[in-house]
Amino acid sequence: MQTGRGPEGILSQEMTGKREEIIELLKTAYFMELETVMNYVSESINPDGVRAQQIKEDLAADIDEELDHARQFAARIKELYGVVPGSMDFHADQVLLQPPDHQTDVVHVIKGVIDAETKAIELYTRIIAVTEEDDPVTNDMTVAILHDEQGHRRRFEGYLKEYIAQGKASKEDLPPASRATSPEEGSAL
Ligand SMILES: [Fe+2]
Ligand SMILES: [Fe+2]
């Protein structure tokens, strides 16, 4: 049970349990960002074809942003008296972001990016809820990072919609709220 918040807020002795809860979430976020960096590096290089060019350039540009997110989460772990974990604690999770069988399969890559960004959005929304009362600094930081991820996902939803219009992807591949503004499958852009 929490006995009180203490004058130092989240850095108070009384908040040790809450800090530990937040640190565990920040470690998950940190590894999620690093796995994203790993997969965005591969998918900014692997795809072939004219259509892949824009996706590759976008992912290459996003790598720096995702790495910066990882650094921010790591720094916050330390500020909360945690230890940033090493690679032996890492467990890979991004199944859908693995390279496709055919390197011209741009739709596979776009769907993988949307899935990874959705998982980040879900985790960061949870961190924001957990830190709302007691840790405004982690809360503010995560709000800004969540904004970046929402922007990333929205951009890739737009790419997928182009393929939906051409009948090469399904509306079902979009996040539910995004489907209302999507073109009919097979319709002209
Ligand atoms: Fe990120
Ligand atoms: Fe992202």
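Does Tyr-81 count as buried or exposed, given its C-beta neighbours inside 10 Å? In this predicted model, Tyr-81 has 11 such neighbours and therefore counts as exposed, the limit for that class being 12 or fewer. Tyr-81 lies in the loop that joins H2 to H3. The backbone at Tyr-81 adopts a phi near 70 degrees, which is a positive value in a residue other than glycine.

The chain comprises 4 helices and 0 strands, and its elements follow the order α-α-α-α from the N terminus. The C-alpha trace extends over about 60 × 35 × 20 Å along the principal axes. Of the 189 residues in the chain, 28% are buried. When contacts between residues at least 6 apart in sequence are considered, 60% of them connect residues at least 24 apart.

Helix H1 covers residues 16-43 and contains 28 residues. From the first C-alpha of H1 to the last, the helix reaches 40 Å, close to the 40 Å expected at 1.5 Å a residue. The buried residues of H1 include the nonpolar side chains Ile-22, Ile-23, Leu-26, Ala-29, Tyr-30, Met-32 and Tyr-40. Arg-19, Glu-33, Thr-36, Asn-39 and Glu-43 are likewise among the buried residues of H1. The cover over these buried positions includes H2, H3 and H4.

The packing of the helices was examined next. Two packed helices are described by the angle between their axes and the distance between the axes. For H1 and H2 the angle is about 160 degrees and the axes are 8 Å apart. H1 is therefore roughly antiparallel to H2, as the angle is over 145 degrees. The crossing of these two helices is left-handed. On the H1 side, the contact includes Ile-23, Leu-26, Ala-29, Tyr-30, Glu-33, Val-37 and Tyr-40. The H2 residues that they meet include Leu-59, Ile-63, Glu-66, Leu-67, Ala-70, Phe-73 and Ile-77. Classified by residue type, the contact of H1 with H2 holds 15 nonpolar, 2 polar and 6 charged residues.

Helix H2 (residues 52-79) also packs against helix H4 (residues 136-165), at an angle of about 165 degrees and with the axes 11 Å apart. H2 and H4 are therefore roughly antiparallel to each other, and their crossing is left-handed. H2 contributes Ile-55, Asp-58, Asp-62, Glu-65, His-69, Gln-72 and Arg-76 to this contact. H4 contributes Thr-138, Met-141, Ile-145, Asp-148, His-152, Arg-155 and Tyr-159. The contact of H2 with H4 is made up of 4 nonpolar, 4 polar and 6 charged residues. An α-helix has 3.6 residues a turn, so residues three or four places apart point the same way. Asp-62, His-69 and Arg-76 of H2 appear in the contact with H4 and also in that with H1.

A further loop position is Glu-133, located between helix H3 (106-131) and H4. Glu-133 is exposed because 11 other C-beta atoms lie within 10 Å, where the class admits 12 or fewer. Glu-133 and Asp-89 stand 44 residues apart along the chain, and their C-alpha atoms are separated by 29 Å.

Note on methods. Residues numbered from 1 in each chain as written. Chains lettered and ligands numbered in written order. Predicted model: local features only at pLDDT ≥ 70, side-chain atom pairs only at ≥ 80, totals over all residues. Axes fitted to C-alpha atoms, helices over the stretch in contact; angles between N-to-C directions. Parallel < 35°, antiparallel > 145°, perpendicular 65-115°, else oblique. Left-handed = near helix turned anticlockwise from the far one by under 90°. Contact = placed C-beta atoms within 7 Å. Buried ≥ 20, exposed ≤ 12 C-beta atoms within 10 Å, placed from the backbone. Expected span 1.5 Å × (residues − 1).
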